[in-house]
Amino acid sequence: MVFGTFDMVHEGHENLFEQARALSSDPYLVVSLARDAVAAKVKGAAPRNSEDARRALLAEHPLVDEVVLGDAEGYIPHIVLANPGIIALGYDQAGEYVDNLERDLKKAGMSVKVIRLKAFEPHIYKTAKLYDQRNR
């Protein structure tokens, strides 16, 4: 399972999907998509595309097996429903939920391996940078 806003899907995201899939001999990649309001709260601005549009984009991606919407409040209930064996965090994911993730998973009775993935050319492949380049 991976998490993100995915306002677009670029090569950095594809690398994230590839790294996550490589963690299992029989991968099934679930993408947890940030709700519009949650993304706005975390990033300080609403996504450019609606959660429905972002979900449709991810659902068509060949490396993604399933897309689930994150929780509007909290984050554990939808993880419990998906029941992943591994959670793969992006190199730049930070904040309260990341800091408390392993503790909160244990509280929920889950035994999930949490792995931090490597960066892939972050000086090029960051959504905000790519949008800025397009708007110049």
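This passage goes through the salt bridges of the structure and then two residues with unusual backbone angles. The model is a predicted one.

Side chains of opposite charge can pair up when their charged atoms come close. A search across the whole structure turns up four salt bridges, and three of them are taken in turn here.

One of them pairs Asp65 with Arg21, with 2.7 Å from N to O. Asp65 sits in the loop between helix 3 (51–59) and strand 3 (66–69), while Arg21 belongs to helix 1 (residues 11–21), so this contact ties together parts of the chain that are 44 residues apart in sequence. As for solvent, Asp65 is partly exposed, its relative accessible area being 35%.

Next comes the pair Arg35 and Glu51, whose closest N and O atoms are 3.0 Å apart. Here Arg35 is found in the loop between strand 2 (30–33) and helix 2 (36–43), and Glu51 is in helix 3, so the bridge links parts 16 residues apart in sequence. The two partners fall into separate accessibility classes: Arg35 is partly exposed at 26% relative accessibility, whereas Glu51 is buried, with a relative accessible area of 12%.

Helix 3 also takes part in a salt bridge through Arg54. The side chain of Arg54 meets that of Asp36, again as a salt bridge, at 2.7 Å from N to O. With Arg54 in helix 3 and Asp36 in helix 2, the pair ties together parts that are 18 residues apart in sequence. Arg54 is buried, and its relative accessible area comes out at 0%. Its partner Asp36 counts as partly exposed, at 27% relative accessibility.

The backbone has a couple of oddities too. Most residues other than glycine have a negative phi. Phe6 goes the other way: its phi is positive, near 55°, and it is not a glycine. Phe6 is located in the loop between strand 1 (2–4) and helix 1. At 4% relative accessibility, Phe6 counts as buried, because the cut-off for that class is under 20%.

Asn83 likewise has a positive phi, about 50°, without being a glycine. This residue lies in the loop between helix 4 (76–82) and strand 4 (86–89). Unlike the buried Phe6, Asn83 is exposed, with a relative accessible area of 56%. That value puts Asn83 in the exposed class because the class starts over 50%.

Technical notes. Residues are numbered from 1 along each chain as its sequence is written. This is a predicted model: local features need pLDDT of at least 70, side-chain atom pairs count only at pLDDT 80 or more; totals for chains, interfaces and linings use all residues. Side-chain values use heavy atoms; hydrogens and water are left out. Helices (H or I, at least four residues) and strands (E, at least two) are DSSP runs, numbered from the N terminus. Buried means under 20% relative accessible area, exposed over 50%, partly exposed in between (1.4 Å probe, protein chains only).
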